[in-house]
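Open the model in a viewer and keep the sequence panel visible. The stops below go from the whole chain to single residues.

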Amino acid sequence: MDNEVSKRRPINTSITPSAETLSGFRMLDIRTDRLLSSWLREAGVPDGALKANELAPDFLLPEVNGKLVSSLQLRQAAPLIVTFVYGTWSPLCAAGLRALHEATPSIRAAGARAIAITPEAGDLLRDIKRDRRLDLEILSDLDLGVSLSFGLVSVVPAQIKSRLLRRGLDLCVPHGFSFWMLPMPATYVLDQRGIIRRAYVGPDSITGAKTEIMLAALSELEVPKPRP
């Protein structure tokens, strides 16, 4: 199985968010996000990040309106594409969510489901979905418990924290907790047994370039296609 989880090399090429994606961000936000993305690339993929052929942990998380969503129930009904982002305030992650949104019709046509996971709270995510017109299920991993179970969480080093604060970005505000930790961006393809069939981990793992690869992975699962 294809498994782009590597500690030594960047994955794919850097994301260049479209002008439409960047339109909602200040230049300071964009530059700050580039600093954070550069650090994540240099830090490499965490040793504990889950890989292809491993069993993904099941989870129960709230969506934007507070309803609890069970990954077990979702994957028993259809294979899942699960994308982790570290914040909708990030142009990088906004580009990843837009790419997943645009891929959603093809994912549904293949008989699968797509969800995104972020540390942010539901009120903020509800506004983002409305303002950016995202036809996408976004779940709140408020304490990073699910991100931790996938092995994706890294502690932000003091020097990066200091530089982010000087640029006006305090992660405690959007994430709602005092610990400076971030989930590494990642995209996983899970079959209906919960086995990871593809694992893409790193700042460049949430691009639209992964869409064809994800759909190819779904085609291998022999998923019954939905009725017209």
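Start with the whole chain: of the 228 residues of the protein, 56% count as buried, where buried means under 20% relative accessible area, exposed over 50% and partly exposed in between (1.4 Å probe, protein chains only). This is a predicted model, in which local features need pLDDT of at least 70 and side-chain atom pairs count only at pLDDT 80 or more, while totals for chains, interfaces and linings use all residues. Residues are numbered from 1 along each chain as its sequence is written, and side-chain values use heavy atoms, with hydrogens and water left out.

**Whole chain**

Switch to a cartoon. The secondary structure comes to nine helices and 10 strands; helices (H or I, at least four residues) and strands (E, at least two) are DSSP runs, numbered from the N terminus. Now show the surface. The protein exposes about 10,700 Å², and carbon and sulfur atoms supply 51% of that area; accessible areas come from the Shrake-Rupley method with a 1.4 Å probe, and for residues only the protein chains shown count as cover. A contact means heavy atoms within 4.5 Å. Among contacts with a separation of 6 or more, 73% are between residues 24 or more positions apart.

**The nonpolar core**

Select Phe84, Phe150, Leu152 and Tyr188. These are the residues with the most contacts inside the largest nonpolar core, which has 62 residues. Such a core is a set of buried Ala, Val, Leu, Ile, Met, Phe, Trp, Tyr and Cys residues joined through side-chain atoms within 4.5 Å. Helix α4 (residues 91–109) gives the largest share of this core, six residues.

Which residues does Leu152 touch, leaving aside its neighbours within four places in sequence? Leu152 is in contact with Pro46, Ala49, Phe84, Ser147, Leu182, Pro183, Met184, Ala186, Tyr188 and Val201.

**Aromatic rings**

Keep Phe84, Phe150 and Tyr188, and add Phe59: these four residues form one aromatic cluster. The structure holds four aromatic pairs. Rings of Phe, Tyr and Trp (its six-membered ring) pair if their centres lie within 6.5 Å; planes under 30 degrees apart count as stacked, over 60 as edge-to-face and the rest as tilted.

Zoom in on Phe84 and Phe150. Their ring centres are 5.0 Å apart and their planes stand at 55 degrees, so the pair is tilted. The pair links distant parts of the chain, 66 residues apart: Phe84 is in strand β4, and Phe150 is in the loop between α6 (145–149) and β7 (153–155).

Next, move from Phe150 to Tyr188. This aromatic pair is also tilted, at 5.2 Å centre to centre and 55 degrees between the planes. Here too distant parts of the chain are linked, with Tyr188 in strand β9 (residues 186–190), 38 residues from Phe150. Phe150 is buried because its relative accessible area is 0%, and Tyr188 counts as buried at 0% relative accessibility.

**Along β9**

Step to Thr187, which lies in strand β9. Is Thr187 buried or exposed? Thr187 is buried, with a relative accessible area of 2%. A polar atom of its side chain lies 3.1 Å from the backbone oxygen of Ser205. Not counting residues up to four places away in sequence, Thr187 touches Ile81, Val82, Thr83, Arg198, Ala199, Tyr200, Ser205, Ile206 and Met214.

**Trp89**

Select Trp89, in the loop between β4 (80–84) and α4. Trp89 counts as buried because its relative accessibility is 18%. Add Glu120, 31 residues apart from Trp89 along the chain: the two C-alpha atoms are separated by 9.6 Å.

**Cysteines**

Select Cys93 and Cys172. Cys93 is buried, with a relative accessible area of 0%, whereas Cys172 counts as partly exposed at 26% relative accessibility. A search of the whole structure finds zero disulfides, a disulfide being a pair of cysteine sulfur atoms within 2.5 Å.

**Positive phi**

Finish with two backbone stops. Asn53 is not a glycine, yet has a positive phi of about 80 degrees. Asn53 sits in the loop between α2 (27–43) and β2 (60–62) and counts as exposed at 53% relative accessibility.

Leu144 also has a positive phi in a residue other than glycine, near 65 degrees. Its place is in the loop between β6 (137–140) and α6, and Leu144 is buried, with a relative accessible area of 0%.

Definitions and conventions:
A polar contact is a pair of N or O atoms within 3.5 Å; within protein, one must be able to donate a hydrogen and the other to accept it, and residues adjacent in sequence count only if both atoms are side-chain atoms.
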